[in-house]
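Here is a short note to read beside the structure. The points are numbered so that you can check each one as you go.

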Amino acid sequence: MEPCGWPPGDFRRGRRRERKPRAPRGKRDGTNWRSTTVRKAAIVGTGNTKFSFAADKTVTELLAEAAMSAVRGSGLEPKDLQAMFVGNVLGDFSEGQGMVQSFCADEIGARNIPASRFEGACASGTMAVRDAFMWVASG
């Protein structure tokens with residue numbers, strides 16, 4: 001007795017269903033994605049704060065301190081910033097404030113720019129850097 005036909009082909013006997021030929025991976029609309037022009041992106045300034053569980057400052061103040069250190073190190077001014085990417089874990093639990101990125105942008109004088117917060121446990125900062133890179137590199 002023949003199988004009912006679902007899934008197509010009889011896998012028990014080692015036969016596989018025939019697949020339709022498809023374009024090689026990486027091809028979109030006849031162009032190779034590797035030949036696409038991508039803007040170069042670089043980290044030009046970094047900043048950090050003293051690590052402590054019993055900080056005298058709020059999360060917003062700590063973020064602003066690190067951000068201003070990075071801005072000063074890059075030779076830019078806060079008005080030159082076009083977006084802000086913040087990695088912050090448990091900010092909403094520690095102080096009850098889940099929107100620290102907007103307050104941080106305001107604190108350093110970078111008003112009216114998109115500000116995003118990323119929370120990914122120990123990888124929060126990495127997620128923020130990754131998205132900042134993609135934002136710059138995509139144009």
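1. Start with R130. This residue counts as partly exposed, because its relative accessibility is 44%, and partly exposed is the class between 20% and 50%. R130 also takes part in a salt bridge: its partner is D131, and the closest N and O atoms lie 2.9 Å apart. Keep in mind throughout that the model is a predicted one.

2. How many salt bridges are there by the rule used here? The count is five, and the pair R130 and D131 is one such bridge. Two further pairs are taken up in the next points.

3. E65 and K57 form a salt bridge in which the closest N and O atoms are 2.5 Å apart. A bridge is counted when a side-chain nitrogen of Lys or Arg is within 4 Å of a carboxyl oxygen of Asp or Glu, so a distance of 2.5 Å passes the rule. On the partner residues, E65 has a relative accessible area of 32% and is partly exposed. K57 is partly exposed as well, at 41%.

4. D80 and K79 also form a salt bridge, with 3.5 Å between the closest N and O atoms. Are D80 and K79 buried, partly exposed or exposed? D80 is partly exposed, with a relative accessible area of 36%. K79 reaches 67% relative accessibility and therefore counts as exposed, the cut-off for that class being over 50%.

5. Now the chain as a whole. The protein chain has four helices and four strands. Read from the N terminus, the order of elements is β-β-α-β-α-α-β-α. Of its 139 residues, 19% count as buried. If you take the contacts between residues at least 6 apart in sequence, 62% of them join residues at least 24 apart.

6. Look next at how two of the helices pack. Helix α1 covers residues 59-74 and helix α3 covers residues 100-108; their axes are 9 Å apart and make an angle of about 55 degrees. That angle makes α1 oblique to α3. The crossing of α1 and α3 is right-handed.

7. Which residues of α1 and α3 meet? From α1 come V59, T60, L63, A64, A67 and M68, and from α3 come V100, F103, C104, E107 and I108. By type, the residues of this contact are nine nonpolar, one polar and one charged.

8. N88 deserves a separate look. N88 sits in the loop between β3 (84-87) and α2 (91-94). Is N88 buried or exposed? N88 is buried, because its relative accessible area is 9% and the cut-off for buried is under 20%. With neighbours within four places in sequence left aside, N88 is in contact with V59, V100, R117, F118, E119 and S124. Among these, V59 belongs to the α1 side of the helix contact and V100 to the α3 side.

9. Compare C122, which is also in a loop, the one between β4 (115-118) and α4 (124-137). C122 is exposed, with a relative accessible area of 86%, whereas N88 is buried. C122 and N88 are 34 residues apart in sequence, and their C-alpha atoms are 9.3 Å apart in space.

Definitions and conventions: Residues are numbered from 1 along each chain as its sequence is written. This is a predicted model: local features need pLDDT of at least 70, side-chain atom pairs count only at pLDDT 80 or more; totals for chains, interfaces and linings use all residues. Side-chain values use heavy atoms; hydrogens and water are left out. Buried means under 20% relative accessible area, exposed over 50%, partly exposed in between (1.4 Å probe, protein chains only). Axes are lines fitted to C-alpha atoms, for helices over the stretch in contact, and angles run from 0 to 180 degrees between N-to-C directions. Angles under 35 degrees count as roughly parallel, over 145 as roughly antiparallel, 65 to 115 as roughly perpendicular and the rest as oblique. A crossing is left-handed if the near helix is turned anticlockwise from the far one by less than a right angle, and right-handed if clockwise. Contact means heavy atoms within 4.5 Å. Ala, Val, Leu, Ile, Met, Phe, Trp, Tyr, Cys and Pro count as nonpolar, Asp, Glu, Lys and Arg as charged, and the others, Gly among them, as polar.
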